[in-house]
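I sat down with a fresh page and a cup of coffee to look through this one. My notes follow in the order I took them.

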Amino acid sequence: MELPVEEWRRCAARRWAALEPAVRERLAAASLHDTLHLGCGLLRPEAEDLGRLCRRAQAGKEPAAALFYREEGNRLFGRPPPCCLQAASHELPGSPELSVCFANRSAALFHLGRFEVCLEDIARAESHGYPDRLLPKVLLRKAECLLCLGRLQEAADALSVVENKIATGGIVTTRESLLKKLSQLKIKIQEKESSPEPPRAAQDEIQRKSEIWEENDSISGASSSLTLNFDLERGRHLVASQDILPGQNLLKEEAFVSVLCPGEGFLLQDSSETAWDTRVTNADLYCHRCLRELLASVPCHGCSYAKYCSQNCAGMAWEQYHRAECSLGALLLTLGVFCHVALRTVLLAGFAEVSRMVEWSHDDDKDLHNPEARCEHPSEAPATRNGTRGIPGCNDSGQYQSSYQAVFNLLPHAEKHSPEHKFLCMLSVVAVCKQLQEAGLEAAVLNRESFEKSAKGKMLEKTGELSPELKIMAEAMLRHMLQLQCNAQAITVMQELGSGDGAVVNKKPVRLATAFFPVLSLLNHSCCPNISVSFSGTAATVRASQPIPSGQEIFHCYGPHRCRMRVAERQQLLSQYFFECRCQACRDELESDVKSVVSLRNSFCCPSCWASMQGEDMLCCSNEACAVSVSRESLSRRLWDLQQQIKKALELLRDRKADQAIKMLLKCQVDARSFLSPEHLLMGEMEDHLAQVYATQGKWHDAARHLERSIEIVEKHHGPSSVEMGHELFKLAQILFNGFAVSEALSTIQRAEEILSVHCGPQSTQIQELQEMKTCLLELPRSILQRT
């Protein structure tokens with residue numbers, strides 16, 4: 001949810017419509033500085049409505065919610081522990097219930113075989129004062145974890161602690177089962193000490209290709225094969241300064257700021273719904289600072305929303321920004337991710353830097369009609385040997401860095417946004433800053449140890465007026481909120497579909513967070529880009545996806561790719577970026593009579609002779625001998641009905657009713673063949689789903705047969721070296737591996753490796769898994785390899 005909730009958007013729209021026409025006119029033409037000053041007093045009538053909306057968001061500590069989630073965790077014991085995680089987030093710091101949450105979660109983690117993480121939770125339970133009467137069970141679990149990890153001396157030490165506490169009366173226990181477990185563990189340790197297992201080969205020992213990297217002198221994180229250019233038509237952009245090969249690393253950049261996208265469960269749509277949601281969202285699964293995947297999170301001590309992978313991440317987040325954000329959780333969830341990113345951006349930059357850049361922007365407004373004066377400003381680079389004179393965002397040495405200065409210089413396009421949208425953003429920003437002021441958090445925002453409230457400050461608080469310092473922060477936030485529409489970068493992650501406990505892992509890219517990447521933002525759009533972007537935590541890596549000759553511009557795809565959408569639909573979606581796309585792919589479609597790849601392959605076919613159908617509202621068979629005509633609306637309705645049937649089949653699969661799922665999918669295929677092109681993407685999706693169902697039954701030959709048909713369609717749509725082909729070949733490799741088709745598996749692994757290493761790099765998770773499969777197959781006896 002990038003923008004505020006719908007109710008707040010409607011509220012802002014009503015407020016805008018109620019303004020005097022003269023006021024609307026002034027606001028529409030005002031600079032960001034004047035917009036903020038004119039609009040600061042316009043929030044008051046809506047403050048109550050906003051407060052009501054915020055009360056629906058789940059961000060505070062709720063002991064009753066903790067009890068609910070603990071009970072759910074006990075009921076669902078043995079599954080991944082999201083309810084335990086949610087319970088810990090709602091417990092009050094220092095409460096005995098929090099230590100019990102950690103202990104309960106450690107039991108679930110032990111059951112899942114996650115011994116290292118289990119030990120972390122046991123340590124947290126002990127540090128939070130776990131009750132003595134319950135301690136033996138936890139200490140024995142700790143010893144068993146250490147035993148499973150082969151840390152025999154530590155396991156023996158843990159058992160000694162239990163024995164000493166029992167001997168000295170520190171633990172009173174009469175339960176025979178615990179004493180029996182203690183005795184069994186001692187015996188297991190003695191057995192392992194007398195016959196130690198051979199050391200296992202570490203996973204890191206797998207040979208990995210090293211990536212050649214020579215950093216650019218003038219662009220932070222960029223390869224030396226790139227150069228930064230600027231012209232009035234294309235703005236800032238990157239160009240190849242030498243020939244670039246597919247897979248070559250072009251850019252590595254840490255996000256200047258990132259905010260995890262919350263799940264829909266954090267805002268209840270109806271008061272009649274259950275008070276606490278058990279749905280697992282990204283906010284439960286990933287660290288709110290570094291975006292690392294979570295199993296046992298460290299909850300924030302002040303709110304139930306923020307969760308971290310470690311105490312270190314929690315502490316750094318608190319110092320950098322969360323001490324100001326913590327009490328604003330419900331408000332930020334209501335106002336959307338863009339508003340949250342805007343706030344976190346100014347908090348990370350610090351008041352001094354924000355103030356400096358805002359002051360420069362005021363000077364820049366004065367110099368708007370004097371380009372020479374603008375180029376002489378200190379924030380712009382002087383003439384340098386790199387030719388970066390006057391390029392916005394460069395420092396005084398002519399270097400473009402991933403800095404706040406670079407973020408601030410991203411274009412907000414204030415004159416192109418609708419006045420209503422600017423008004424909504426302004427009200428949202430003012431609401432955040434007023435909440436900060438009312439909560440006494442101004443010192444945290446301004447990076448000051450203390451903030452003495454003067455008589456003037458107390459008067460401002462009574463009148464609801466923002467302090468001059470907060471107005472500066474608000475103006476910068478408004479700029480960033482407008483920038484995000486054109487410059488926000490989605491951080492994506494490959495997420496497993498389903499439970500993830502099958503032999504074949506099906507994954508899809510999921511939006512995880514929204515971020516500012518100032519260097520990545522230098523790349524202009526093309527519907528047929530020449531690079532691929534992958535993410536690891538908060539870091540983005542850009543690689544060439546095809547040969548790029550020297551002098552060619554480096555292009556990123558902002559969303560709709562030519563293989564996924566027709567030119568008219570792409571142009572409509574790209575209008576949000578305030579430009580008309582004139583990339584080569586769009587020009588080819590607009591300036592010729594040749595239909596796009598998407599139009600040809602995702603077309604309807606004649607229900608009588610199976611030739612392609614042509615036309616707009618009324619479709620006619622392309623076969624002149626056939627006179628069939630059908631309305632597009634009726635065929636679109638059939639397509640929608642078919643998609644609903646496929647969804648039902650997948651629900652049957654999730655309910656472990658594989659035979660019924662196969663029957664329904666085969667029926668869907670028969671129906672689809674009567675009106676869809678054989679190369680329609682949905683035909684490939686059904687083959688993919690059938691492969692998935694057969695794989696759950698261990699019918700590897702049938703699964704491979706259907707997936708190969710899916711791959712044929714994916715290749716026609718996306719190309720033989722596309723990342724989509726890489727993902728499909730990865731799935732086929734898993735099926736062939738599990739089906740013991742050795743030679744086919746090895747050749748498929750090689751093809752998948754070649755493609756995925758170009759798009760994702762040699763150290764990606766999928767490449768590592770492919771290498772493990774290959775190593776396992778090559779270690780089979782020669783006689784088996786020859787037979788297969």
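**Entry 1: ground rules.** Before naming any loop, I note that helices and strands here are DSSP runs, a helix having at least four residues and a strand at least two, numbered from the N terminus. I also remind myself that this is a predicted model.

**Entry 2: a lysine in a loop.** I started with K61, which sits in the loop between α4 (44–54) and α5 (63–75). Is K61 buried or exposed? Its relative accessible area is 16%, and buried means under 20%, so K61 counts as buried. I then looked up what surrounds K61. Setting aside neighbours within four places in sequence, I found A88, S89, H90, E91 and L92 in contact with K61, along with C300, H301, G302, C303 and S304. For H90 I also checked the backbone: its C-alpha atom is 4.5 Å from that of K61, although 29 residues separate the two along the chain. Where does the side chain of K61 find backbone oxygens? A polar atom of that side chain lies 2.7 Å from the backbone oxygen of C300, and the side chain reaches the backbone oxygen of C303 at 3.2 Å.

**Entry 3: the whole chain.** Stepping back, I counted 33 helices and 15 strands in the chain. Of its 788 residues, 49% are buried. I also looked at contacts between residues at least 6 apart in sequence, and 65% of them join residues at least 24 apart.

**Entry 4: the largest core.** Which residues touch the most other members of the largest nonpolar core? They are W8, L250, L343, Y404, V432 and I554, out of 122 residues in that core. Helix α19 (residues 419–438) gives the most to this core, namely 11 residues. I then asked where the core lies with respect to the domains. Domain 1 (1–45 + 278–366 + 400–450 + 465–488) and domain 3 (221–255 + 517–592) both contribute residues, so the core lies between them. I picked V432 for a closer look: beyond four places in sequence, V432 touches L328, L331, L332, L335, C339, L343 and M477. There is also a second, separate core of 58 residues, and L619, C621, I662 and M725 are among its members.

**Entry 5: an asparagine at a helix end.** N487 belongs to helix α22 (residues 468–487). With 13% relative accessibility, N487 counts as buried. Its side chain reaches the backbone oxygen of L411 at 3.3 Å. Not counting residues up to four places away in sequence, N487 touches L410, L411, A515, F516 and S521.

**Entry 6: a hairpin.** I moved on to strand β1 (residues 226–231), which pairs with β2 in the antiparallel sense over 6 bridges. A hairpin of 3 residues joins β1 to β2. D231 has G235 in β2 as its bridge partner. How many residues of β2 (residues 235–240) are buried? I found 6 of 6, so I wrote the strand down as mostly covered.

**Entry 7: the sheet with β3.** Here 3 strands form an open sheet in the order β3-β11-β10, with antiparallel pairing. Both β3 (249–254) and β10 (531–536) stand at the edges with a single partner strand each, so one side of each has no neighbour in the sheet. Neighbouring strands are turned by 20 degrees against each other on average, direction ignored. β3 pairs with strand β11 (residues 539–544) over 5 bridges, and E253 stands opposite A540 in β11. Helix α31 (residues 742–760) lies across β10 and β11, at about 125 degrees to β11.

**Entry 8: the sheet with β13.** Another open sheet of 3 strands runs β13-β14-β15, again with antiparallel pairing. Why do β13 (613–615) and β15 (629–631) each have one side without a neighbour in the sheet? They stand at its edges, and each has a single partner strand. The twist averages 35 degrees from one strand to the next. Helix α26 (residues 632–654) packs on this sheet and touches β13, β14 and β15, its direction making about 70 degrees with that of β15. β13 and strand β14 (residues 618–621) pair over 3 bridges, with Q614 opposite C620 in β14.

Conventions: Residues are numbered from 1 along each chain as its sequence is written. This is a predicted model: local features need pLDDT of at least 70, side-chain atom pairs count only at pLDDT 80 or more; totals for chains, interfaces and linings use all residues. Side-chain values use heavy atoms; hydrogens and water are left out. Two strands pair if DSSP finds at least two bridges between them. Axes are lines fitted to C-alpha atoms, for helices over the stretch in contact, and angles run from 0 to 180 degrees between N-to-C directions. Contact means heavy atoms within 4.5 Å. A nonpolar core is a set of buried Ala, Val, Leu, Ile, Met, Phe, Trp, Tyr and Cys residues joined through side-chain atoms within 4.5 Å. Buried means under 20% relative accessible area, exposed over 50%, partly exposed in between (1.4 Å probe, protein chains only). Domain bounds come from an automatic or database domain assignment. A polar contact is a pair of N or O atoms within 3.5 Å; within protein, one must be able to donate a hydrogen and the other to accept it, and residues adjacent in sequence count only if both atoms are side-chain atoms.
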